[in-house]
Amino acid sequence: VDQQLTALSNSTMIDLTDPTHIIVLQPGSAFIRYGLAHHECPKSLPNVIAYRCSPTNRNDHDLVSVSKHDQELVEKRRDDEAKETQSTFKKRFKSKYNSAKSTVMNSFFNSSSAPIFTQTNCLQRLEPGEAANHRWVFTDARPEEPSYVIGDRALHLAPDSNYALFYPIHRGQLSSDPLHATYSAVNALYQMFSHIIFNELEVEKGQIHLYGVSLAIPDVMCHREIVDLHDLLLKQIGVGAVFVHRESVLACFGAGLSTCCVVDIGKEKTQVCCIREGIVIPNTSVVSHYGADHFTESFLYFLRACSGQVNGFEGDHYFPLKDINISLPQHFAIVDSLKINACAFPPSTVEDAYFDQCHEFFVTDYQSHITSRYRINMTQAGYLAPLCLFQTALFGPGAYFERCHKLLYIQQDIRPFDYLNKDFMESAPTVSGRAKDLARKAGIDDLQPSSLTALDGLSDVIDEGNTHIDEPDGRSCDKPHSVFSASVLPVPLHEMVRISVESIDPELRRVLLSQILVVGGTAKIKGFSDEFEDRLLDSVACYLNESDRIEVVQNSKESDVSHLSWVGAAILAQTTGCWVMQREWNNSAIGSHTHLLRAKVPFSWDI
């Protein structure tokens, strides 16, 4: 108690203009980017935690079943689209392709007689000394068997270890499903943030109240989730102040812009929204449930198709890993690395196309620890796979899941804190009564206040068996946790931009189309900007005059496009007055935290 009083009295001593005392956090689906505000660029930690469990519960279960008919529909649609795309590509680059196919140039293993399109000499076992620099080092958790492992160590656990991976953020929101209540995600972020602040950034626990946290959050996070993150940082970890802002607006500031159209291609979702003078324009946000991971899966599909593993495709190269499973972190890392190094959009001229570039990757067996080196030529796959962003029929089934986000709060959930307890629930009859009414609508008649968790008056209690969902922003829906909709194609990237800008004033629309800011590593794919501009020009031509132009902003202020939101959070935190202080948070009643944030946050709380 004395320590809490001391921290409370010293909270006024925080210098929120001192960048050395501002921690910048950007939690995403793939990584948590972190650092101090005076750092030029952030460090990254994979946003994943592995919990020790029994072998029978180690693997995740499919939460949404897909019918055989829907599966076949998606696969047939993709096969047809891929064959047509491949045929068009071959006709366009026929002369260069045939020339490369007849070339003999595989001398990597001192054999100059093997064509680049065959299996010969694709594999080499590495000696222990040479393999040391390329080995996938598996985490050995057996000596201590900790209750959880985080970040890279979690991803490097052997497939047969008794740990289950859990990603706290899924498609920009706290992970919540029938296997993991929402507090599981909050608990995981508590462990991740604590590790970053106290271990990576080496902040002393006794001095944590003298630090502020600038938090960059995904645009799709709902009110309740923002409240949870503030409570985690201010009350549980004990930072002195928190500043929060949306990633899209922060990306603008990080790029040195105030008005632009932001295209954020994330790990599992893609969002487009328009910013004017640092404020999101209402009704311009468009979200699709595909991202870089689905791009990686499409690339693997083309690797298999172009090696003859898919019916109807002519095999023109050899892909050795027929049993590759990208749900395993090592296999996913292999395919993702190949995608980054080998993928490019088809060039505008035949002369600029190359089919004779070989790529190598390394595979480590988790049982024998033997590392093998593979060398392959991917020919067409590297050119065809990126087109999935604009021809969404090339995506696999994963892009057809529409997630209906619901928050699952149960009192029995194990978590490091419980700030909504039985005493509070029994002293809040209005909230409890509202939750009971909704429970009765869902067919639950014997619900007791002690088994509920209040949702700050913003959303209603959701039980595991409840299919009725009352979203925290007031929207209601009767959808299950996720919906697989095979009949509707995901919206292509250029169409998302068109939908976003079509209702905007024509003059402002032309300004936005001339300043399109793409955020995310996918924007680094060679030829992306040219392809995006060409596709978008065809889509919005009716809105433009002859003198108007479409331009994708590149290398603005020489910042990495993956770090723009973090950079913006670091810059804005040093100049803003929109901090939520620890003292005012602790002195506020639990039900009034939402009102406090509504008054403090620098973005429109109701959008």
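Strand β12 and strand β13 (residues 270-276) run antiparallel to each other, joined over six bridges. Together β12 and β13 make a hairpin, with four residues sitting between them. Keep in mind that this is a predicted model.

β12 also has a parallel partner: it pairs with strand β22 (residues 516-519) over four bridges. Here are the pairings side by side, with one pair from another sheet added.

| Strand pair | Sense | Bridges |
|---|---|---|
| β12 and β13 | antiparallel | six bridges |
| β12 and β22 | parallel | four bridges |
| β4 and β7 | antiparallel | four bridges |

At residue level, isoleucine 265 has threonine 270 in β13 as its bridge partner, while valine 262 is matched with leucine 517 in β22.

So how enclosed is β12 (residues 260-265)? Six of its six residues are buried, so the rest of the structure largely encloses the strand. In a regular strand, side chains alternate between the two faces of the sheet. For β12, both faces are covered: Cys260, Val262 and Asp264 are buried on one side, and Cys261, Val263 and Ile265 are buried on the other.

Now for the other sheet. Three strands form an open sheet in the order β6-β4-β7, with antiparallel pairing. β6 (148-150) and β7 (163-166) are the edge strands with a single partner each, so one side of each has no neighbour in the sheet. From one strand to the next, the twist averages 25°. Helix α6 (residues 182-200) packs on this sheet and touches β4, β6 and β7, its direction making about 115° with that of β4. Within the sheet, β4 covers residues 49-52, and arginine 52 stands opposite tyrosine 163 in β7.

Key:
Residues are numbered from 1 along each chain as its sequence is written. This is a predicted model: local features need pLDDT of at least 70, side-chain atom pairs count only at pLDDT 80 or more; totals for chains, interfaces and linings use all residues. Side-chain values use heavy atoms; hydrogens and water are left out. Buried means under 20% relative accessible area, exposed over 50%, partly exposed in between (1.4 Å probe, protein chains only). Helices (H or I, at least four residues) and strands (E, at least two) are DSSP runs, numbered from the N terminus. Two strands pair if DSSP finds at least two bridges between them. Axes are lines fitted to C-alpha atoms, for helices over the stretch in contact, and angles run from 0 to 180 degrees between N-to-C directions. Contact means heavy atoms within 4.5 Å.
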